[in-house]
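Please open the model in your viewer with the sequence panel beside it, and keep a selection tool at hand. The stops below go from the whole chain to single pairs of side chains.

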Amino acid sequence: MKLYFETLLGNRLLVVLLLVALMGAGVYMYFELPRDAFPDISPVMVPVFSEAHGMAPEEIERLITFPIESAMNGLPDVTLVKSTSAFGMAVVYVYFEDDVDIYFARRLVSDRLAAVMPELPDLGEPPTLGPISTGLGEVFMYYLKADSTADTGGKEKNTWLREINDWVVSYQLMSVPGVTDVLSMGGHVLQFEVKLDPYAMRKFGIRLD
């Protein structure tokens, strides 16, 4: 220990330079360190959503959730795979190491999802990846309203407002940097109902599909 202190005292200039360099590195790191009032500590996670209308949770767990979850377990840098099976819906959460880039993680999940697609039943819509967002992301809510003089083109007002939101407002909001997704709630979704005449179909040889 005595020899150590003698060495330091004999190289005072070197000690001062090292101290100044250490202080400079600390100041640099202080200004470069990302700061936030509410830092996002969420892990790197990619959700997979699968819709299967009319299927019970037991069927979804066996036919959809289990194959997807099993396929995701073999991905590199995966730390955890969780899933939720509900009526008509399956959600698989794939967690990665903190140093994995989110876009690289989504690419891995997308490639593995495409490989497991032949094992899944015939779904109305293929499984999709969730938006790039976390539970600590900002959520803004808005609503549309129209006065009595608005020209709805003969449509019911709530149907017209929902159509404006789905085809105009949401597309414009999605073009704003930082917006990951726009979820629409309320209003009346315009639907077209087709009523089939089985006697006419049999007469002209038209099948239901």
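## The whole chain

Of the 209 residues in the protein, 21% are buried, and as you colour by accessibility, please keep in mind that this is a predicted model. The protein exposes about 16,400 Å², of which carbon and sulfur atoms supply 61%.

Switch next to a cartoon, where six helices and four strands can be picked out; followed along the sequence, they come in the pattern α-α-β-α-β-β-α-β-α-α. The radius of gyration is 28 Å, well over the 17 Å that the globule rule gives for 209 residues, so the protein is more spread out than a compact globule. If you turn the C-alpha trace onto its principal axes, its spans are about 105 × 50 × 25 Å. Should you display contacts between residues at least 6 apart in sequence, 61% of them join residues at least 24 apart.

## Helix H2

Select residues 12-32, which form helix H2. From its first C-alpha to its last, this helix of 21 residues reaches 30 Å, close to the 30 Å expected at 1.5 Å a residue. How many of its 21 residues are buried? The count is zero, and H2 is accordingly hardly covered.

## Salt bridges

Side chains of opposite charge can pair when their charged atoms come close. The structure holds four salt bridges, and the next selections visit some of them.

Begin with helix H4, residues 102-116, and show the side chains of Arg107 and Asp111, which lie four residues apart in this helix, about one turn. The two form a salt bridge in which the closest N and O atoms are 3.2 Å apart. Arg107 counts as exposed because its relative accessibility is 54%, over the 50% cut-off, whereas Asp111, with a relative accessible area of 42%, is partly exposed.

Move on to Lys155 and Glu163, whose salt bridge has its closest N and O atoms 2.7 Å apart. Are these side chains exposed, partly exposed or buried? Lys155 counts as partly exposed at 31% relative accessibility, and Glu163 is likewise partly exposed, with a relative accessible area of 26%.

Finally, select Arg207 and Asp209, whose side chains meet in a salt bridge at 3.6 Å, N to O. Here Arg207 counts as exposed at 64% relative accessibility, and Asp209 also counts as exposed, at 77%.

Note on methods
Residues numbered from 1 in each chain as written. Predicted model: local features only at pLDDT ≥ 70, side-chain atom pairs only at ≥ 80, totals over all residues. Heavy atoms only, no water. Helix = DSSP H or I, 4+ residues; strand = E, 2+ residues; numbered from the N terminus. Expected span 1.5 Å × (residues − 1). Buried < 20%, exposed > 50% of the residue type's maximum accessible area, 1.4 Å probe, protein only. Rg over C-alpha atoms; globule rule 2.2 N^0.38 Å. Contact = heavy atoms within 4.5 Å. Areas by Shrake-Rupley, 256 points an atom, 1.4 Å probe, with all protein chains shown as cover.
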